[in-house]
Amino acid sequence: MSAGNETREHWSGPVGFVLAAVGSAVGLGNVWKFPYITGINGGGAFVLVYLGCIAVVGLPLLIAEMSIGRRSQKEPVGAFSSLAHAGRGGKLWGIFGWLAVVTAFLLLSFYSVVGGWTIGYFIKAVSGTFTPEAAASSGEIFDTFVSDPVQSTIYHAIFMAACIGVVLGGVSRGIERAARVLMPVFAVLLLVLLGYSLTLDGAGEALRFMFYPDFSKLTPAAVLEALGHSFFTLSLGMGVMIVYGSYLSKQDSVFKSGLAVSIADTLIALAAGVTIFGIVFSAGKEPGSGAGLVFITLPSLFAQLPAGSLWAAIFFLLLGFAALTSGMSILEVAVAYFVDERGKSRKVATLTFGGIIFALGLLSVLSFSVLSDVHLMTVGQGDELKDLTVFDTLDYLISNWALTLGGLGVALYAGWGVSRDDLWDELKDDALGKAGFAGWFLITRFVAPVAVILVLLHSVGVV
Ligand code: PHE
Ligand code: NA
């Protein structure tokens with residue numbers, strides 16, 4: 001029996017699970033990445049495509065991951081190699097489990113560096129760095145900050161230590177408890193900041209920018225970016241939701257939980273976008289400033305506002321909390337593998353692999369200083385070529401390739417590898433109903449893989 005593991009840890013209940021999963025989903029992707037890629041891609045039309053990707057591909061795959069996790073009661077490698085008969089690929093599927101574990105290591109190694117920046121920026125805000133006089137030099141402040149290897153290493157270490165500390169506590173007493181405290185605080189801080197932003201002059205323009213679609217601004221590359229981001233933002237394609245689903249008990253509803261997680265993640269991304277663009281437009285700035293939007297543009301704007309340091313402190317604190325609840329979910333993927341498959345204790349696995357990820361992250365830390373001239377690859381076309389540092393390369397390969405391939409693996413595995421009856425057994429008590437299940441299965445089997453393959457082919461220039 002697949003669900004016969006008596007000693008396996010579980011969430012305390014459905015609310016704990018949803019909070020932990022929302023904690024994983026809501027992260028830098030919502031508050032840092034979504035606003036800046038929306039800004040680069042021209043606003044409303046991109047937002048619409050993104051919402052479409054969430055509804056058509058993201059939510060179905062989220063449900064697929066959770067179902068696979070609960071069905072197998074295993075981490076990704078075990079989950080991918082235990083549910084398919086030999087005639088349907090059998091253990092071969094395990095490759096996708098491996099991809100997930102390797103991706104977890106690499107992703108957390110650079111996610112933690114950015115998580116560290118949020119701590120550094122919180123401290124900067126509290127100590128009054130963002131004065132009106134400093135407003136013009138926020139770019140230099142950022143460059144000086146990231147190019148100081150010692151400081152960045154310390155903040156990266158603090159962030160990893162926090163992830164390790166939580167994951168050491170286990171599923172319900174570590175991860176769930178942290179999410180129960182951090183997510184509500186996060187939500188309140190975001191609402192406060194949103195309310196504030198809506199009182200500014202730029203609020204109307206921010207709403208128009210985000211919700212009034214201008215399809216002439218939409219490029220094919222933007223569609224790929226929207227799809228890739230729909231995976232990233234829901235923590236898909238990397239086994240997190242498989243692992244979290246494996247700690248979900250049989251009575252709880254996979255469908256309702258998945259729906260709640262994707263709605264919460266989407267609302268939070270939209271709220272973060274409106275908040276940030278409200279501030280940006282109020283200062284008469286452009287929305288398309290790229291990855292520096294949160295760490296360069298925003299600080300200079302906070303600096304010009306009354307009580308700006310306070311708002312900046314609130315902002316970076318909430319960003320840090322969001323990053324932490326995501327970071328710990330990534331670490332849990334690696335830890336669960338070594339606990340479940342290799343018989344390590346949680347303590348040994350967490351300390352060892354947290355330590356390795358920390359060490360790996362040093363390459364990303366140093367990408368902004370000592371290793372800034374080391375370029376692993378070049379992307380782009382024509383005169384828009386960009387040389388990628390170690391940090392950029394990891395971000396590019398993972399966000400655009402590893403998660404998308406991982407998501408494809410989930411769709412193919414659920415659609416073609418796992419038996420339909422097993423999946424029905426996981427979803428039958430749900431609000432989904434028979435017709436809803438059939439629709440979900442069709443999407444998972446055909447629509448999601450085709451969409452992902454088309455987008456992947458397109459990104460290498462084939463279609
Ligand atoms: N969903 C997280 C975010 O939006 C990032 C993440 C991706 C976390 C993959 C876990 C796995 O920031
Ligand atoms: Na997210």
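How many nonpolar, polar and charged residues does the shell around ligand 1 have? By class, the shell has six nonpolar, eight polar and no charged residues; Ala, Val, Leu, Ile, Met, Phe, Trp, Tyr, Cys and Pro count as nonpolar, Asp, Glu, Lys and Arg as charged, and the others, Gly among them, as polar.

This is a predicted model, in which local features need pLDDT of at least 70 and side-chain atom pairs count only at pLDDT 80 or more, while totals for chains, interfaces and linings use all residues. Residues are numbered from 1 along each chain as its sequence is written, and chains are lettered from A and ligands numbered from 1 in the order in which they are written.

Ligand 1 is surrounded by 14 residues, and Gly27, Leu28, Gly29, Ser235 and Ser326 are the closest (near: C-beta atom, placed from the backbone, within 6 Å of the molecule). At least two shell residues come from each of H1, H2 (28–40), H10 (220–233) and H14; helices are DSSP runs of H or I, at least four residues, numbered from the N terminus.

Two residues other than glycine have a positive phi. Most residues other than glycine have a negative phi. Both are buried, that is, 20 or more other C-beta atoms, placed from the backbone, lie within 10 Å of their own.

| Residue | Phi | C-beta neighbours within 10 Å | Loop |
|---|---|---|---|
| Glutamine 73 | near 55° | 22 | between H3 (44–72) and H4 (76–82) |
| Serine 235 | about 55° | 29 | between H10 and H11 (240–246) |

Technical notes
Buried ≥ 20, exposed ≤ 12 C-beta atoms within 10 Å, placed from the backbone.
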